[in-house]
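Reader: Hello! I am new to this structure and would love a close look at one part of it. Could you pick a place to start and guide me from there?

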Amino acid sequence: MVMKKFDVIALGELLIDMTDNGSSSQGNTLFEANPGGAPCNVLAMLTKLRHSTGFIGKVGDDLFGRKLREVLRELGIDTSNLCMDPECRTTLAFVETKADGDRDFSFYRNPGADMQLKKSEIQEEMLAQAEIFHFGTLSMTHEGVREATRYAAAYAKAQGALISFDPNIREPLWDSMDTAREQVEYGMGICDILKISDNEIAWFTGETDYDRAVAKIREKYPVSLILLSMGKSGSRAYYKDICVDKSAFVQNGTIETTGAGDTFMGCMLHGVLEKGLENLNQEDLEEMLEFANAAASIITTRKGALRVMPGEAEIRRFISDFQSQAGADIKTEDNLY
């Protein structure tokens with residue numbers, strides 16, 4: 001077996017999450033500039049778990065873009081295919097956190113530098129060195145970057161990489177939800193590992209019964225592992241004839257849910273890298289889901305995600321504490337991603 005340089009390479013958006021951080025003495029909202037973007041959040045979790053990672057994308061050659069490049073290098077994420085755009089600004093996402101921890105996004109991205117990535121800027125030699133290639137749909141909202149994304153995914157697959165896909169639909173960024181559906185269909189058609197939320201799978205399949213929704217996807221798309229986050233019902237994994245449910249860990253100290261789903265996905269890819277995708281069993285999937293749910297819960301107690309991912313020891317300790325406390329201080333009633 002040929003060893004590859006990168007465990008996971010991700011392509012997509014790298015941006016600044018401007019998150020509410022209280023009020024000034026004059027009563028004005030204060031925003032904290034947190035490094036973000038779903039694909040890099042996934043990579044940050046994987047890097048924390050000692051995997052080799054690389055990012056493909058574009059930021060502006062501006063204050064925020066340079067800071068983002070510094071953060072990725074600080075974390076150990078390879079930036080050799082991070083392009084700097086001298087003309088287009090780095091995308092900003094203003095995040096409103098609601099009382100229940102859910103979020104509403106306002107994107108300043110018309111255009112943003114992440115939308116300007118071109119097929120010609122993709123480094124094929126980097127893709128050829130990936131065990132897993134991960135992407136979502138925010139890099140497929142517009143024609144040029146969509147071409148680059150599809151090219152990278154197809155090339156990585158042809159080089160033997162497993163393909164991981166998280167739709168991560170942000171409706172305000174699409175001119176048409178029919179176009180969004182077309183891009184999700186592409187992702188499902190090429191991926192080996194799919195992570196999808198309850199509202200996304202209901203929108204895509206028209207089914208509110210998740211078993212039937214997954215069956216519809218499987219009828220058309222050859223996805224090996226489907227990971228479903230289901231709000232208050234927890235998370236679920238579908239693999240061959242196995243279906244595994246795990247409740248989420250909910251803490252009283254929850255601040256926001258930004259990055260929780262990405263943290264979950266990073267941990268699940270960690271499990272695939274450790275165990276493989278060919279012969280998973282129920283015990284494997286239960287262990288992977290529990291670990292990923294715990295990490296996601298931890299990240300909801302922190303602002304941002306990319307720079308504050310938990311390590312393996314912290315995640316294991318959290319699980320042990322939860323089990324010993326038997327729900328005294330931490331509940332498993334709701335899912336936070």
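Author: Happy to! Let us begin with one term: a residue counts as buried when its relative accessible area is under 20%, and as exposed when that value is over 50%. Please keep in mind that this is a predicted model.

Our starting place is Asn 168, in the loop between β9 and α5. Asn 168 has a relative accessibility of 13%, so it counts as buried. Its backbone is worth a look too: phi of Asn 168 is positive, near 45°, although the residue is not a glycine.

From this loop we can step to the sheet that β9 belongs to. It is an open sheet of nine strands with mixed pairing, and its order is β5-β4-β1-β8-β9-β10-β11-β12-β13. The edges are formed by β5 (78-85) and β13 (242-246); each has a single partner strand, so one side of each is left without a neighbour in the sheet. From one strand to the next, the twist averages 15°. In general, the strands of a sheet pair through backbone hydrogen bonds, in either a parallel or an antiparallel way. At the β13 edge, strand β12 (residues 235-239) runs antiparallel to β13 and is joined to it by five bridges. Here Ala 237 stands opposite Val 244 of β13.

The other neighbour of our loop, helix α5, packs on this sheet, where it touches β8, β9 and β10 (193-197). The direction of α5 makes about 150° with that of β9.

Now let us turn to α4, the helix of residues 143-158. Its 16 residues reach 22 Å from the first C-alpha to the last, close to the 22 Å expected at 1.5 Å a residue. Which residues of α4 are buried? They are Val 145, Arg 146, Ala 148, Thr 149, Ala 152, Ala 153 and Ala 156. These residues cover an arc of only 165° around the axis, which puts them on the same side of α4. A general point helps here: an α-helix has 3.6 residues a turn, so residues three or four places apart point the same way. On the face of α4 turned away from the buried side sit the exposed residues Glu 143 and Ala 158.

What do the buried residues of α4 pack against? Among their partners are β1 (6-11), β8 (130-136) and β9 (162-166), together with the helices α3 (124-127) and α5 (177-190). After α4 comes Gly 160, with a positive phi near 95°.

For contrast, compare our starting loop with another one. Arg 50 lies in the loop between α1 and β4 (53-60). Like the glycine we just met, Arg 50 has a positive phi, about 70°, although it is not a glycine. Its relative accessibility is 62%, so Arg 50 counts as exposed, whereas Asn 168 counts as buried. The helix just before Arg 50, α1 (residues 38-48), has 10 of its 11 residues buried, so it is largely enclosed by the rest of the structure. Among the buried residues of α1 are Cys 40, Leu 43, Met 45 and Leu 46.

Met 45 leads us into the interior, because in soluble globular proteins nonpolar side chains tend to be buried together. Met 45 is touched by Ile 315, which has further contacts with Cys 267, Phe 291, Ala 294, Ala 295, Ile 298 and Pro 310. In the largest nonpolar core, of 55 residues, Ile 315 joins Leu 14, Leu 225 and Leu 285 as the members that touch the most other members. Helix α9 gives the most to this core, with 10 residues. Apart from it lies another core, of 42 residues, including Leu 11, Ala 130, Tyr 186 and Ala 213.

In α9 (residues 282-299) you can find Asp 284. Asp 284 is buried, with a relative accessible area of 16%. Leaving out residues up to four places away in sequence, Asp 284 touches Lys 275 and Asn 279.

One last stop is another loop, the one between β7 (103-108) and α3, where Pro 111 is found. A cis peptide bond, with omega about 0°, joins Asn 110 to Pro 111.

Note on methods. Residues are numbered from 1 along each chain as its sequence is written. This is a predicted model: local features need pLDDT of at least 70, side-chain atom pairs count only at pLDDT 80 or more; totals for chains, interfaces and linings use all residues. Side-chain values use heavy atoms; hydrogens and water are left out. Helices (H or I, at least four residues) and strands (E, at least two) are DSSP runs, numbered from the N terminus. The expected span of a helix is 1.5 Å times one less than its number of residues. Buried means under 20% relative accessible area, exposed over 50%, partly exposed in between (1.4 Å probe, protein chains only). The arc is that of the directions from the helix axis to the C-beta atoms. Contact means heavy atoms within 4.5 Å. A nonpolar core is a set of buried Ala, Val, Leu, Ile, Met, Phe, Trp, Tyr and Cys residues joined through side-chain atoms within 4.5 Å. Two strands pair if DSSP finds at least two bridges between them. Axes are lines fitted to C-alpha atoms, for helices over the stretch in contact, and angles run from 0 to 180 degrees between N-to-C directions.
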